[in-house]
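Q: Could you walk me through the pockets in this one, with a close look at the second largest? I'd like to know what lines it and which elements supply that lining.

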Amino acid sequence: MLFNVVNRLCKRACITAKCSSKRLIASKVPLIFITLTLLLSASLEAATNSELTERGFNAYVAQLKEEALSKGIDRPLLDAAFADIAFRPTVVKSDKNQPEKKITLDDYLATRVPDWKVKQAVAQYKDHKALLEEIAQRYGVQSRFIVALWGNESNFGKIQGNYSVLSALASLAYEGRREKLFKDNFFAALQILAKGHTSVNELKGSWAGAMGQTQFMPVSFLDYAVDYDGDGRKDIWGTKADVFASIANYLASEGWNSEGTWGRQVKLTQDVPVSGLSKANMKPLSFWKSNGVTRFDGSELPNVDIKASLIMPDGENGRIYLVYNNFHTLMKWNRSSYFGVSVGYLSERIKRGY
């Protein structure tokens, strides 16, 4: 095995130096020196990786605990919370290896909003209609959007993730590329425990630390989660009243307008002067109408005094939309235009009853 490693390293050295094996042997730098240098480099790299996953992580977690104590969190709670925190290389791997394959919006919608999910969304809407309409009235958010977000984020509560949130966030913070983001969420998760909203054993979520049926990150939980049933706990894991109200509260807090919708699919009959989600590119419907934008069926846009952004997620040859301010609010939930369109599309299917 060692011979194979040496051989592979030597070949890599030749490739890097753009030289043949004959030139390498004939060079003034001895082959054995190059080999030993590369082996030393590989050994140091391996040692660094070992340090990253063992002693370094344990030392980092100890620092997190001291910092949490300085923030006023009780030691007994911290002792319980930190007892089972462990490095999770899989979450770091997942974070580093986000899907790079380019998919189209059509592909995305086919997986995110298949007919079976639409049927479930309509059934869930009917089953919880009274509660949903009550919450919709209180927060000024149409119930179909609450259900659409619920379905997109956790498949109506069925897929919430089974990772230890504390271990996942500590691992991602330790990895370092976005340390502040994950540290802030780690300490927010401790606050959630300190406030009694859930227990250490039940603090589960996705590999990135998103929690419950809403898939809130802990910081978002502290800002937007709601104890709608009044039991003293903001239970986004198991209480539907809290789940629905938390989704509605997020949207309402971020500028949702219950009098409007999200957008519409359109067609272009000529080149348009501007496009994109920048607020500077939001124009009245009359502007888009005068620049050759029509409804998807080719008819004229309505004569309504409302501003919209023109977006082309897949370019001019893909689906094209005029989206309104509520879509910009959805972008605060998730910055993906694909995600926003999928929520809007599912909400339309719920409205139609299938």
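A: Sure, and bear in mind that this is a predicted model. Sorted by class, the residues around the second largest pocket come out as five nonpolar, two polar and four charged. The charged ones are among the names on the full roster, which runs L109, W262, G263, R264, Q265, R319, Y321, V341, Y345, E348 and R352. Two elements give two or more residues each to that lining, namely β3 (263–268) and α17 (337–352). Of the elements involved, α17 gives the most, with four residues. As for volume, you have about 200 Å³ of space to work with in the second largest pocket.

One of those contributors, β3, also belongs to a sheet. That sheet is open and has five strands, ordered β4-β6-β7-β3-β5, with antiparallel pairing. Its edges are β4 (283–284) and β5 (293–295), each of which pairs on one side only. Over at the β4 edge, two bridges tie β4 to β6 (residues 307–311), and K283 sits opposite A308 in β6.

For context, here's the largest pocket. It holds about 1,300 Å³ of space. Its lining has 38 residues, and those closest to the centre are R112, E153, A208, A210 and N334. By class, the lining of the largest pocket splits into 16 nonpolar, 13 polar and nine charged residues. Helices α7 (105–112), α10 (143–154), α12 (179–194), α13 (218–224) and α16 (325–333) each put at least two residues into the lining of the largest pocket.

Key. Residues numbered from 1 in each chain as written. Predicted model: local features only at pLDDT ≥ 70, side-chain atom pairs only at ≥ 80, totals over all residues. Heavy atoms only, no water. 1 Å grid on protein atoms, 1.4 Å probe; cavity = no way out; pocket = protein on both sides within 12 Å on 5 of 7 lines; lining within 4 Å. Points joined across faces, edges and corners; volume = space filled by probe spheres on them. Nonpolar A, V, L, I, M, F, W, Y, C, P; charged D, E, K, R; others polar. Pairing = 2+ DSSP bridges.
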